[in-house]
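User: I would like to learn how to read the features of a folded chain, step by step. Could you take me through one?

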Amino acid sequence: MRLDPQVALALGLLRLCLAQVNFAPHFFDNGVGSTNGNMALFSLPEDTPVGSHVYTLNGTDPEGHPVSYHISFDPSSRSVFSIDPNFGNITLVEELDREREDEIEAIISISDSLNLVAEKVVILVTDANDEAPSFIQEPYIVQVPEDTPPGSSIFKVHALDKDTGSGGSVTYFLQNTQPTKFTMDRHNGVLRLRSGTTLDYEKARAHFVTVVAKDGGGRLRGADVVFSATTTVTVNVEDVQDMAPLFVGTPYYGYVYEDTIPGSEVLTVVAMDGDRGKPNHILYSLMSGSDGAFEINETSGAIFITQNPAQLQREVYELHVQVTEVSSAGSPAAQAMAPVTIRIVDLNNHPPTFYGESGPQNRFELSMYEHPPQGEILRGLKITVNDSDQGANAKFNLQLVGPGGIFRVVPQTVLNEAQVTIIVENSAAIDFEKFKVLTFKLLAMEVNTPEKFSSTADVVIQLLDTNDNVPKFTSHYYIARIPENAPGGSNVLAVTAVDPDTGPWGKVKYSIYGSGADLSFLIHPSTGIVYTQPWASLDAEATARYNFYVKAEDMEGRHSLAEVFVILLDVNDHYPQFAKSIQEKTMVLGTPVKIEATDQDAEEPNNLVDYSITRAEPANVFHINAHTGEIWLKNSIHSLEALHNITPNGDYTWSLEVQAKDRGSPSFSTTALLKIDITDTEMLSQSPMDAFLMQTKHNPMKAVGVLAGIMTGIVAITVLVSTATFWHHRKSNKVLPVRRVLRKRPSPAPRTVRIEWLKFNRTKPAAKFVLQEDFPIENCNNSLGSPPPPRVPAPPPPPGMAPSTVAAPWGAVPTVSGSLTPRQPQRSPKPKALGNPTQSALVSELRQKFENNVASKAYF
């Protein structure tokens with residue numbers, strides 16, 4: 001349907017007007033206690049922390065457009081809050097204080113960017129307990145008379161607290177933990193004097209009372225807190241007339257000297273009112289005891305003498321002085337009394353004086369022996385001391401001035417007069433050898449006088465000697481050194497002893513005490529010279545040191561000892577000595593032989609020996625260590641072959657003449673002949689028999705004896721076994737057949753032991769004895785007899801002859817005999833050590849000795 005153009009125009013205008021209309025935004029009102037809305041009736045505690053989120057503005061726009069929030073304050077006030085314009089969150093940015101500002105006015109607004117709606121709000125600030133009580137009208141000082149009755153109110157304190165509720169209520173109490181004279185009303189702050197107590201100006205003129213004001217407590221920042229404040233109340237005590245007058249400086253003593261002029265002041269007494277706050281006037285008076293000799297000034301308290309002291313009859317006066325208070329009205333009030341002692345003093349015009357038997361004396365002399373008994377009185381001294389003054393002027397002390405601790409004087413304090421006694425205090429110090437004369441001064445000095453008069457007297461003591469000292473040597477020991485060849489009667493040393501005593505007591509006699517001198521020493525009894533016996537023969541090698549004691553004694557036998565050491569100085573009087581004048585040594589190539597000599601002298605260098613080779617042919621083969629005596633081959637000689645050409649006889653044997661010389665002065669020497677056989681290690685490493693022959697080459701009978709001993713042992717064991725077997729079968733009553741076990745012998749031979757002759761073998765230089773035994777192996781149990789013993793063997797035949805044997809008669813105990821036969825040389829390849837001349841010489845020498853010995857003996 002087609003619209004009318006006018007209608008269409010009207011509808012278009014209507015649509016345009018509706019499009020231009022926009023409704024304003026508005027806040028929500030969420031009521032009391034809400035933290036979201038338009039802050040209607042909103043309150044905030046004053047202890048809210050700065051920075052806290054306290055509220056959120058909340059509103060809307062009818063068209064649904066976005067809104068923003070704003071808050072503003074009066075220019076004259078603080079900007080307490082800040083706001084987030086988008087979300088409406090309000091934050092506290094300033095501290096709150098209810099006591100200063102209990103409400104906050106602000107303008108809040110909401111806007112949709114076209115319309116702005118603003119509202120005025122009032123935020124209430126609620127109280128928190130953040131204020132402490134505070135005293136007003138300080139300082140507190142109160143004047144209280146000392147006669148205030150107990151329980152009376154003295155003062156009232158007042159404190160304010162700006163908080164409300166319980167936090168603003170105040171209570172009072174005293175801080176003192178110890179009991180005091182005051183109490184406090186906790187509600188109204190009234191200070192009272194405690195019941196049963198009083199104030200006393202004379203004891204305490206002021207009291208300081210500490211008062212505490214405390215509020216009722218409340219919440220602060222989420223916690224319960226209580227605040228308090230303190231103040232001091234000064235209570236000044238006012239004096240009242242309730243005390244009697246008091247004398248100052250009691251007790252009172254006065255002195256009047258005998259030359260004092262009448263009218264002179266003796267002393268002044270002083271008194272004051274006991275109530276020092278408001279004292280009354282004081283008057284003085286003498287009540288008794290003066291006897292008209294003294295008067296007192298009634299206002300000053302000065303006491304005067306009215307008569308001549310020399311005419312007074314009494315030495316001491318006891319006065320009684322009275323003091324009286326005069327009140328402001330002029331009437332007498334409290335009184336007090338004090339005694340005053342006045343002494344009449346004599347003038348000190350006489351010093352102490354010493355008297356002897358004939359009158360005043362200032363020198364006393366005495367002779368006495370030294371070391372008197374402890375506590376002995378020196379009775380030879382007659383001393384009296386006197387002071388003619390009276391009273392204190394006649395009191396003085398006595399003392400001895402001089403070497404301390406030797407004597408003491410009695411009495412030490414004297415009044416007027418005394419007999420002086422001197423007593424021995426230290427007997428050891430009274431020594432004639434230290435002091436021939438002891439001099440002291442006897443001093444008398446007044447004690448309590450200003451003049452301190454004094455006098456002195458000399459005491460001179462002549463000491464007499466006694467025999468109280470022991471002779472003492474100048475040293476506890478003496479050391480002397482003399483040569484061992486000193487002749488008899490030689491002086492050794494002089495000892496000295498001193499006796500400090502005088503006269504015959506000081507003479508010293510010397511003697512040798514005890515053993516140790518060994519009858520070799522004497523001492524002169526008066527000079528103390530120690531000397532050797534005339535017949536003494538000293539030998540440092542036998543006794544190198546003597547020690548003995550010498551004694552020094554006086555005429556009464558008092559003595560002391562000293563030790564003497566006499567050291568004999570060695571003299572070179574011994575020659576070096578070899579063990580043998582001719583010695584034989586065997587040297588192995590590469591090792592030395594050693595020869596040694598001893599010197600019997602006692603000390604070095606007399607007993608030190610140096611060695612040298614004085615003769616050797618040839619001279620360049622050996623060298624010797626001068627200190628140890630070791631003899632070496634020259635370094636150029638390394639083998640036996642090298643020695644063969646230079647040996648005098650080609651047998652590796654040398655003869656040396658060795659000299660031993662000591663180092664003394666003059667020097668002594670001795671020579672010895674040394675025969676050296678040279679071998680090498682290869683020869684020493686051969687069989688034990690070779691070594692045995694080498695050891696016994698100089699004593700061939702030793703080898704024969706050892707072999708005979710071995711054979712004798714074998715025979716003895718055989719006999720014992722046979723005998724034991726025989727007796728065993730006999731006891732068992734067994735009859736056994738005769739059994740004989742024969743071993744075929746290689747050749748007929750006698751039942752003897754054949755020992756071949758040692759024979760020089762060129763192929764084996766170390767060849768030695770070879771023992772051949774041909775024992776018949778028989779068991780002759782239950783036989784009727786034993787084999788016949790052999791005859792004593794005849795001397796060995798010459799080489800090549802067969803040994804002869806003779807059958808022994810049957811039934812004799814078998815024996816062992818032997819004959820020496822030469823061993824036939826064996827044909828064998830020539831060994832490496834062929835032609836060793838040393839072993840050849842040894843074997844030849846042994847063979848010759850055996851032939852000589854066997855020729856003279858038929859058995860071993």
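User: Which helices and strands make up the secondary structure of the chain, and how many are there?

Analyst: Helices (H or I, at least four residues) and strands (E, at least two) are DSSP runs, numbered from the N terminus, and in this chain they come to 6 helices and 61 strands. Please keep in mind that this is a predicted model, in which local features need pLDDT of at least 70 and side-chain atom pairs count only at pLDDT 80 or more, while totals for chains, interfaces and linings use all residues. Residues are numbered from 1 along each chain as its sequence is written, and side-chain values use heavy atoms, with hydrogens and water left out.

User: What share of the residues in the chain is buried?

Analyst: A residue is called buried under 20% relative accessible area, exposed over 50%, and partly exposed in between (1.4 Å probe, protein chains only). Of the 860 residues in the chain, 36% are buried. For contacts, which means heavy atoms within 4.5 Å, 67% of those with a separation of 6 or more are between residues 24 or more positions apart.

User: How many salt bridges does the structure hold, and why does the pair Glu105 and Lys120 tie together separate parts?

Analyst: A salt bridge is a side-chain nitrogen of Lys or Arg within 4 Å of a carboxyl oxygen of Asp or Glu, and the structure holds 13 of them. In the one between Glu105 and Lys120, the closest N and O atoms are 3.6 Å apart. Glu105 belongs to strand E9 (residues 103–111) and Lys120 to strand E10 (residues 116–126), so this pair ties together parts that are 15 residues apart in sequence. Glu105 is partly exposed, with a relative accessible area of 42%, whereas Lys120, at 59%, is exposed.

User: Where do Glu425 and Arg408 lie?

Analyst: Glu425 and Arg408 form a salt bridge whose closest N and O atoms are 2.8 Å apart. Glu425 sits in the loop between strand E38 (417–424) and strand E39 (437–446), and Arg408 in strand E36 (residues 407–410), so the pair ties together parts that are 17 residues apart in sequence. Glu425 counts as partly exposed at 34% relative accessibility, and Arg408 is partly exposed at 37%. Elsewhere, salt bridges that share partners join Arg78, Glu94 and Glu101 into one network.

User: Which residues make the nonpolar surface patch?

Analyst: Patches are made of residues with over 30% relative accessible area and no salt bridge, where like charges are joined within 9 Å and nonpolar side chains (Val, Leu, Ile, Met, Phe, Trp, Tyr) within 5 Å. Here Leu246, Val248, Val270 and Met272 make a nonpolar patch of about 290 Å², an area obtained by the Shrake-Rupley method with a 1.4 Å probe, for which only the protein chains shown count as cover for residues. Strand E22 (246–248) and strand E25 (270–272) each supply at least two residues of the patch. Val270, found in strand E25, counts as partly exposed at 38% relative accessibility.

User: What is the order of strands in the open sheet, and why is one side of each edge strand left without a neighbour?

Analyst: Strands of a sheet pair through backbone hydrogen bonds, either parallel or antiparallel. Two strands pair if DSSP finds at least two bridges between them. In this open sheet of 3 strands the order is E43-E47-E46, with antiparallel pairing. Strand E43 (491–494) and strand E46 (521–523) stand at the edges with a single partner strand each, so one side of each has no neighbour in the sheet. E46 is joined to strand E47 (residues 529–532) by 3 bridges, and Phe521 stands opposite Thr532 in E47.
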